[in-house]
Amino acid sequence: KSNLQAISKKKLKLVFTGNIGRFQGLETIIDAMGLIAHRKDIELLIVGEGVEKKRLIEKTKKNNLNVKFLNYQPLENVKQIIKNCDIGLVTIIPKIYKYAYPSKIATYLEQGKPIICIVEKKSEIAKRMNDYSYGFNFQFGDKHSIAKHLIKLSKNKRWKKKMSQNAYKAYNKFYS
């Protein structure tokens with residue numbers, strides 16, 4: 001519990017939960033965090049395990065990025081971690097959206113968290129998110145747009161309340 005409270009309230013906190021594998025394509029967000037490494041008020045928390053974890057940890061340490069990794073956690077802990085963050089992250093390498101709909105989306109929305117999704121615009125994930133206004137969509141590899149947007153979100157948090165309400169409404173409509 002104590003390390004959960006240690007997550008500062010002043011930061012813009014992004015969270016990614018789940019498998020840290022090849023299909024998640026976390027490279028784009030890690031590269032975006034690299035572009036804003038000087039912004040210590042923007043933090044990414046990655047919770048889980050997977051084949052790419054060790055390599056991503058090495059990359060974030062080497063470049064001194066504001067990215068923290070937590071090992072696998074029970075679902076109740078994950079929900080608490082999500083609740084303490086500002087925005088959930090969903091990222092899928094191109095073309096995989098046709099075969100996958102990450103369950104983490106429901107978990108983020110249940111906690112009233114908007115999402116940033118890095119997935120094709122034509123995917124059901126992006127369409128639903130845009131229709132119900134609970135997040136921001138970026139294309140795979142577009143680290144510059146993501147970095148700029150994270151700075152914008154951290155400077156002005158007016159987006160948060162309405163998007164949180166929309167996230168919760170979408171959860172109740174599609175997942176409850």
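Contact here means heavy atoms within 4.5 Å. With that in hand, open the model, which is predicted, and start at the sheet.

**Stop 1: helices over the sheet**

Select helix 6, residues 124-131. This helix lies across strand 5 and strand 6. Its direction is about 145 degrees to that of strand 6.

Now add helix 7, residues 143-155. Helix 7 lies across strand 1 (12-17), strand 2 (42-47), strand 4, strand 5 and strand 6. Against strand 6 it runs at about 160 degrees.

**Stop 2: the sheet itself**

Hide the helices and show the strands. There are six, in an open sheet ordered 3-2-1-4-5-6, with parallel pairing. Which strands stand at the edges? Strand 3 (67-70) and strand 6 (135-138) do. Each has a single partner strand, so one side of each lacks a neighbour in the sheet. Look along the strands for the twist: neighbours are turned by 20 degrees against each other on average, direction ignored.

**Stop 3: strand 4**

Select residues 87-91, which make up strand 4. Start with its pairing. On one side, strand 1 and strand 4 pair in the parallel sense over two bridges. Find Val-15 and go to its bridge partner in strand 4, Gly-88.

Then turn to strand 5, residues 115-118, which pairs with strand 4 in the parallel sense over four bridges. Val-90 has Cys-117 as its bridge partner in strand 5. Thr-91 has Ile-118.

Are the residues of strand 4 buried or exposed? Five of its five residues are buried. Show the side chains to see the two directions. Ile-87, Leu-89 and Thr-91 point one way, while Gly-88 and Val-90 point the other way.

**Stop 4: two cysteines**

Stay on Cys-117 and add Cys-85. Both are buried: Cys-85 has a relative accessible area of 2%, and Cys-117 has 0%. Why is there no bond from the sulfur of Cys-85 to the sulfur of Cys-117? The closest cysteine sulfur to that of Cys-85 is the one in Cys-117, 18 Å away, which is too far. The cut-off for a disulfide is 2.5 Å between sulfurs. Seen from Cys-117, the closest cysteine sulfur is that of Cys-85, again at 18 Å. The count of disulfides is zero.

**Stop 5: the nonpolar cores**

Select Leu-14, Ile-29, Met-33, Leu-44, Ile-116 and Leu-150. These have the most contacts inside the largest nonpolar core, a set of 31 residues. Helix 7 gives the most to this core, with five residues.

Centre on Met-33. Leaving aside neighbours within four places in sequence, Met-33 is in contact with Ile-42, Glu-43, Leu-44, Leu-65, Asn-66, Val-67 and Leu-150.

Another core lies apart from the largest one. Its 25 residues include Ile-81, Tyr-97, Val-119 and Ile-125.

**Stop 6: Thr-60**

Go to helix 3, residues 53-62, and pick Thr-60. Its relative accessibility is 3%, so Thr-60 counts as buried. Where does its side chain reach? It goes to the backbone oxygen of Ile-57, at 2.9 Å. Now expand the selection past four places in sequence. Thr-60 is in contact with Ile-30, Leu-65, Val-67 and Phe-69. Leu-65 and Val-67 are also among the contacts of Met-33.

**Stop 7: Lys-79 and Glu-110**

Select Lys-79 in helix 4, residues 75-83. Then add Glu-110 in helix 5, residues 104-110. Draw the distance between their side chains: a polar contact of 3.2 Å joins them.

Compare the burial of the pair. Lys-79 is buried, with a relative accessible area of 16%. Glu-110 is partly exposed, at 26%.

Next, show what surrounds each, not counting residues up to four places away in sequence. Lys-79 is in contact with Thr-107, Glu-110 and Gln-111. Glu-110 touches Lys-79, Tyr-168 and Tyr-171.

Finish with Ala-167. In sequence, Glu-110 and Ala-167 are 57 residues apart. In space they are 7.5 Å apart, C-alpha to C-alpha.

Conventions:
Residues are numbered from 1 along each chain as its sequence is written. This is a predicted model: local features need pLDDT of at least 70, side-chain atom pairs count only at pLDDT 80 or more; totals for chains, interfaces and linings use all residues. Side-chain values use heavy atoms; hydrogens and water are left out. Two strands pair if DSSP finds at least two bridges between them. Axes are lines fitted to C-alpha atoms, for helices over the stretch in contact, and angles run from 0 to 180 degrees between N-to-C directions. Buried means under 20% relative accessible area, exposed over 50%, partly exposed in between (1.4 Å probe, protein chains only). A nonpolar core is a set of buried Ala, Val, Leu, Ile, Met, Phe, Trp, Tyr and Cys residues joined through side-chain atoms within 4.5 Å. A polar contact is a pair of N or O atoms within 3.5 Å; within protein, one must be able to donate a hydrogen and the other to accept it, and residues adjacent in sequence count only if both atoms are side-chain atoms.
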